[in-house]
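Work through the exercises below with the structure open beside you. Try each task before reading its solution.

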Amino acid sequence: MKKIAFFDSKPYDKESFDRVNNGRYEIKYFETRLSSAALPLLEGCDAVCAFVNAEIDRAVIEGITQRGIKVLAMRCAGYNNVDFAAAYELGLTVVRVPAYSPYAVAEHAMALLMTLNRRLHKAAMRTRDYNFSLVGLTGVDLHGKTAGVIGTGKIGRVFCDICKGLGMRVLAYDAYPNPESGLEFVSFERLLEESDVISLHCPLTPATHHIINRETISKMKDGVLFINTSRGGLVDSDAMLEALREGKLGGAGLDVYEEESEWFYEDRSSITKQNKTLSLLVSMPNVIVTSHQAFLTHEALENIATTTLENLDAYFSGLPLVNEICYRCMGAGAPQGNVAMCPNRVNGRCK
Ligand code: NAI
């Protein structure tokens, strides 16, 4: 039986993977994240399964391949944390779960927006104290307001639909706009200038790193509500913090943070040395931070487990890998991770 070294494992992962696996692989669950220090745990395993916050750099990839392991199954959609050039060079096949529930993430983005707008986080804390005052809780009707959606792939499109359901006007920006989506695509500048709400749904790439910075924030309307469920690195956190303190941004709902890998997913409440920007953000009344939980629904967990194990089934059976992602594909016309667009594939695999 093939053995999978499963890193950053949480009780909810074990539950869904054990149920879907049904005994076909031996899964060795490790709570630690995949890193150079964790490499000895790979001895005797045939595959590695990692999550979004592992730093999978060249050293880690070397450590994996030196132990004879040739496949890394990422149980997430984003892949900015993997050194794909090193993986390709060292012969490590990387598969991922491109979609598990766009609804989970889009609904969480809307939950952040609703909470922020109607101050539900403050109201719930007040009523626990038997404080039933409404002062300071005034929001706006989202109906009739303009939502600017940056990135209109699977998640962005669902978010657009939810906004439309509320009677919002939706402006979209995408580097690869789909003319059949029925969305109103505008320039990045126009989206910044006209939106009352801005939500990020594009991947983190060199082109999108700090796409939200001092200059782009200065082009936004005063008081805009800003939502990021995509990746922390899309935003210059210090510029965002400054704009929140000055009132340029009316509020921020953040499921991701630039340096989250050091903090998120664990209880860090007893750590005395904190991250300065993150500490300031979590203390602001008009900021809501969640710990990269937008994906966390029962449906998404089931889909993640199913696709991850199917990816490994295909790998070990020599079948085409529909969810493979590789350096050569990205450089050969598959910039959005759509390997079907890559001309370099042989028998459905990157070579
Ligand atoms: P997707 O690949 O379906 O859509 C991404 C969209 O962004 C595409 O339409 C693409 O053309 C567009 N895009 C690419 N480069 C761009 C650029 N430079 N400027 C503007 N648009 C650009 O991806 P999906 O599934 O919609 O996911 C979006 C992002 O959500 C992921 O990259 C990931 O970072 C994040 N995510 C967050 C989760 C969470 O739990 N918080 C869970 C899953 C994904």
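Buried means under 20% relative accessible area, exposed over 50%, and partly exposed in between, with a 1.4 Å probe and protein chains only. The model is predicted, so local features need pLDDT of at least 70, side-chain atom pairs count only at pLDDT 80 or more, and totals for chains, interfaces and linings use all residues. Residues are numbered from 1 along each chain as its sequence is written, and side-chain values use heavy atoms, without hydrogens and water.

**Exercise 1.** Classify the ring pair of F51 and Y265, and place both residues.

Solution. Start with the rule. Rings of Phe, Tyr and Trp (its six-membered ring) pair if their centres lie within 6.5 Å; planes under 30 degrees apart are stacked, over 60 edge-to-face, the rest tilted. A search of the whole structure gives ten aromatic pairs. For F51 and Y265, the centres are 5.6 Å apart and the planes stand at 55 degrees, so this pair is tilted. Next, place them. Helices (H or I, at least four residues) and strands (E, at least two) are DSSP runs, numbered from the N terminus. F51 sits in the loop between β3 (47-50) and α2 (58-66), and Y265 in the loop between β11 (249-254) and α10 (276-282), so the pair ties together parts 214 residues apart in sequence. Both F51 and Y265 are buried.

**Exercise 2.** Which strands pair with β9?

Solution. Two strands pair if DSSP finds at least two bridges between them. Strand β6 (residues 146-150) pairs with β9 in the parallel sense over four bridges. Here V149 has S199 as its bridge partner. Strand β10 (residues 224-228) also pairs with β9 in the parallel sense, over four bridges. V197 stands opposite L225 in β10. Now check the faces of β9 (residues 197-200): V197 and S199 on one side, I198 and L200 on the other, are all buried.

**Exercise 3.** What lines the largest cavity?

Solution. A cavity is a set of points on a 1 Å grid over the protein atoms alone where a 1.4 Å probe fits but cannot get out; lining residues have an atom within 4 Å of a point. The largest cavity has a volume of about 40 Å³, where volume is the space filled by probe spheres set on the points, joined across faces, edges and corners. Its lining is D8, K10, Y12, D13, F51, R75, Y265 and F295. Thus F51 and Y265, the tilted pair, both line this cavity.

Technical notes:
On a 1 Å grid over the protein atoms alone, a cavity is a set of points where a 1.4 Å probe fits but cannot get out, and a pocket is an open set with protein on both sides within 12 Å along at least five of seven lines; lining residues have an atom within 4 Å of a point.
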